[in-house]
Amino acid sequence: MSSTTTRMVVTAGAQRRPRGGGRARTHEGTRAEAVTGWLFLVPFLLIFLVFTAVPAMLAVGASMTDMSARDIRDPLAVNFVGFETFAKVIGNPTFQSSFLNTIMFVVLCVPISMAIGLALAIMLNNGIRRLRTFFRAAVYVPVITNIVAAAVIWQYAFSITGPVNSTLGALGLPEPNWLGDSGWAITTVVLMGVWRTAGTAMILFLAGLQAIPEEVLEAAATDGASAARRLWSIVLPLLRPTTLLVTVLMTVMFLNIFEEPYLLTKGGPLGSTRSMALWVYEQFGFGNVSASMAGSVLLLLLVGLVAIVQFRMLRPKH
């Protein structure tokens, strides 16, 4: 064998050998990355297991018993009743009114919060040039404000002798009983709910608007499309994924609405502002543990069902 042939064989062998070693190293690297990823997930999985999965399973189990407050010390002594508790809860007139109130909050608050959030996002993205960061922070402040402190301020502002009625009286307008009349109490809770969540919708819509390529809008403007036409034909279709996210988040928030009716009106007057979450809380306070757990399971099923329907209706078509 010539020296030239020998060098070719040696060179070919030297080139082939690293391939297998490279694949082995790649496989080991992939395995190490997977292990690292799972290690980072372990804290979340433990927290989810302890504070969400296990309590949810216990709630489902307790909802199928006749457990009351006196049975908490000895939960294994309760009687299994199956779906009887669910039937009683669904047939309860108070629960039915709470369910209708919750649906009403969703129907009123979600579109208003989204409309205000979208309008503010468009203004901050296009219309307002100066102090843009200040206005963003100002709109988002209600989201991070302590809800108890905010509720105290709202109770004072909307009391019979509060500044809101004083202003209305000075303008010669009627001074309603915002917190004592059923219709006005609902209005007050809706106003506070929108005030708290519009900032979240604004931030999400603003992120979606800033992800739209400027070249697309500039090309449409060059072709003579008006601002309204660009909004309807370009901006809103491209915001479809963001709209889906905001719709689901807002709906879940208001299906679980609790703080506003509890802190403002305690669910009154006459249960006109009692939500499903507040009903669950009250039943647990009354010692009706099984009814409370059944109500929470029904609320969870409602949230999941509504989220699935929204994802199917609003998901991108392509």
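This report walks through a predicted model of a protein, from its overall build to a few places worth a visit.

## The overall build

Let us start with the whole chain. The protein has 13 helices and zero strands, and read along the sequence it follows the pattern α-α-α-α-α-α-α-α-α-α-α-α-α. Of its 318 residues, 36% count as buried. The accessible surface comes to about 19400 Å², and 69% of that area belongs to carbon and sulfur atoms. What share of the contacts with a separation of 6 or more comes from residues 24 or more positions apart? The share is 69%.

## A nonpolar patch on helix α1

Now look at the outside. A nonpolar surface patch of about 720 Å² is made by I47, L49, V50, F51, V54, M57 and L58. One of these residues, M57, sits in helix α1, which covers residues 3–63. M57 has a relative accessible area of 56% and is exposed, because a residue counts as exposed when that value is over 50%.

## F86 and its partners

Helix α2 spans residues 84–91 and holds F86. Is F86 buried or exposed? F86 is buried, with a relative accessible area of 9%. Leaving aside neighbours within four places in sequence, F86 is in contact with S63, M64, A294, V297 and L298. Take S63 as an example: F86 and S63 are 23 residues apart along the chain, and their C-alpha atoms are separated by 7.5 Å.

Another pair of residues can be described in a similar way. A207 belongs to helix α7, residues 182–210, and is partly exposed at 46% relative accessibility. The C-alpha atoms of A207 and T242 are separated by 8.5 Å, with their positions 35 residues apart along the chain.

## Aromatic rings

A pair of aromatic rings is described by the distance of the centres and the angle of the planes. The count for this protein comes to 10 aromatic pairs. In one of them, the rings of W178 and W184 have their centres 4.9 Å apart and their planes at 70°, so the pair is edge-to-face. W178 is buried, with a relative accessible area of 9%, whereas W184 is partly exposed at 37%. Y262 and Y281 also form an edge-to-face pair, with 5.4 Å from centre to centre and 70° between the planes. Y262 lies in helix α11 (residues 259–264) and Y281 in helix α12 (residues 276–285), so this pair ties together parts that are 19 residues apart in sequence. Y262 is partly exposed, with a relative accessible area of 22%, and Y281 is partly exposed as well, with 44%.

W178 and W184 also belong to a wider group: together with W154, F158 and W195 they form one aromatic cluster. As for Y262, K266 lies over the face of its ring, at 4.1 Å from the ring centre.

## The loop between α11 and α12

K266 brings us to the loop between α11 and α12. The table sets out two of its residues that have a positive phi although they are not glycines.

| Residue | Phi | Relative accessibility |
|---|---|---|
| K266 | about 55° | 52%, exposed |
| L270 | about 55° | 89%, exposed |

L270 lies in this loop between α11 and α12, and so does P269. What kind of peptide bond joins G268 and P269? The bond is cis, with omega at about -5°.

S275 is also in the loop between α11 and α12. At 0% relative accessibility, S275 counts as buried. Beyond its neighbours within four places in sequence, S275 is in contact with S98, T102, I257, F258 and P261.

## Helix α12

Our last stop is helix α12. Why can α12 be called largely enclosed by the rest of the structure? Seven of its 10 residues are buried, so the description fits. The buried residues of α12 are M276, A277, L278, W279, V280, E282 and Q283. Y281, from the aromatic pair above, is partly exposed, with a relative accessible area of 44%. Just after α12, G287 takes a positive phi of about 95°.

Methods: Residues numbered from 1 in each chain as written. Predicted model: local features only at pLDDT ≥ 70, side-chain atom pairs only at ≥ 80, totals over all residues. Heavy atoms only, no water. Patch = residues over 30% accessible without salt bridge, like charges linked within 9 Å, V, L, I, M, F, W, Y side chains within 5 Å. Areas by Shrake-Rupley, 256 points an atom, 1.4 Å probe, with all protein chains shown as cover. Salt bridge = Lys/Arg side-chain N within 4 Å of Asp/Glu carboxyl O. Helix = DSSP H or I, 4+ residues; strand = E, 2+ residues; numbered from the N terminus. Buried < 20%, exposed > 50% of the residue type's maximum accessible area, 1.4 Å probe, protein only. Phe/Tyr/Trp six-rings, centres within 6.5 Å; stacked < 30°, edge-to-face > 60°. Lys NZ or Arg CZ within 6 Å of the ring centre and 35° of its normal. Contact = heavy atoms within 4.5 Å.
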